[in-house]
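Me: I am new to this structure and would like to go through it slowly, one question at a time. Please give the reasoning first and end each reply on what I asked for.

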Amino acid sequence: MPIDTTNLEAAIRKSLNCTHIEIEDQSNGCGENYAILLVSEDFEGKSTLVRHRWINQLLKEEISQMHAFSQVRTPSKTCLYLSFNAYQKTLTPKQYEDHLARGA
């Protein structure tokens with residue numbers, strides 16, 4: 001059963017103090033492919049691996065309802081992409097400011 005953006009955002013907000021969340025369904029409404037940007041002070045001081053594991057655990061139930069799940073690191077090492085047939089960035093507020101300043 002696919003997950004919708006409302007439930008996905010609720011699961012994120014329940015356990016993570018986000019200052020900014022963007023969720024885009026890239027599966028034409030199917031609910032199995034998302035692009036997600038998360039900005040949280042909770043990521044401060046955490047390595048990419050810790051962030052990956054944390055989001056994996058946080059979204060365990062939602063991920064089980066999606067088609068696939070894989071993870072990759074970004075070349076810049078300033079943010080994290082998680083892919084459960086999705087594209088995701090997890091940034092601290094400072095990293096997000098830098099991201100916006102670069103026009104990315």
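Me: Is D98 buried, partly exposed or exposed, and what is its relative accessible area?

Reply: The model is a predicted one, and the values here are computed from it. Buried would require under 20% relative accessible area and exposed over 50%. D98 falls in between and is therefore partly exposed, with a relative accessible area of 31%.

Me: Which residue forms a salt bridge with D98?

Reply: In general, side chains of opposite charge can pair when their charged atoms come close. The partner of D98 lies with it in helix 4, and the two are 4 residues apart, about one turn of the helix. The closest N and O atoms of the pair are 2.8 Å apart, and the residue that forms this salt bridge with D98 is K94.

Me: How many salt bridges does a search of the whole structure find, and which residues meet in the one in helix 1?

Reply: The search of the whole structure finds 2 salt bridges, and K94 with D98 is one of them. In helix 1 (residues 5-15), the two partners are 4 residues apart and therefore separated by about one helical turn. One partner, R13, is partly exposed at 43% relative accessible area, and the other, E9, is also partly exposed at 29%. The side chains that meet in this salt bridge, at 2.8 Å from N to O, are those of R13 and E9.

Me: Why do the buried residues of helix 4 count as being on the same side, and which exposed residues does the face turned away from them carry?

Reply: In helix 4 (residues 93-101), the buried residues are P93, Q95, Y96 and H99. They cover an arc of only 155° around the axis, which puts them on the same side of the helix. The face turned away from that buried side carries the exposed residues E97 and A101.

Me: Which two residues form the aromatic pair, and what is the angle between their planes?

Reply: The count comes to 1 aromatic pair, formed by F43 and W54 with 5.9 Å from centre to centre. The pair links distant parts of the chain, with F43 in the loop between strand 2 (34-40) and helix 2 (48-58) and W54 in helix 2. F43 is buried, with a relative accessible area of 0%, whereas W54 is partly exposed at 26%. Planes over 60 degrees apart count as edge-to-face, and the pair of F43 and W54 is edge-to-face because the angle between its planes is 80°.

Me: Which residues does K46 touch, leaving out those up to four places away in sequence?

Reply: K46 is found in the loop between strand 2 and helix 2, and K46 is partly exposed, with a relative accessible area of 32%. With residues up to four places away in sequence not counted, K46 touches R51 and W54.

Definitions and conventions: Residues are numbered from 1 along each chain as its sequence is written. This is a predicted model: local features need pLDDT of at least 70, side-chain atom pairs count only at pLDDT 80 or more; totals for chains, interfaces and linings use all residues. Side-chain values use heavy atoms; hydrogens and water are left out. Buried means under 20% relative accessible area, exposed over 50%, partly exposed in between (1.4 Å probe, protein chains only). The arc is that of the directions from the helix axis to the C-beta atoms. Rings of Phe, Tyr and Trp (its six-membered ring) pair if their centres lie within 6.5 Å; planes under 30 degrees apart count as stacked, over 60 as edge-to-face and the rest as tilted. Contact means heavy atoms within 4.5 Å. A salt bridge is a side-chain nitrogen of Lys or Arg within 4 Å of a carboxyl oxygen of Asp or Glu.
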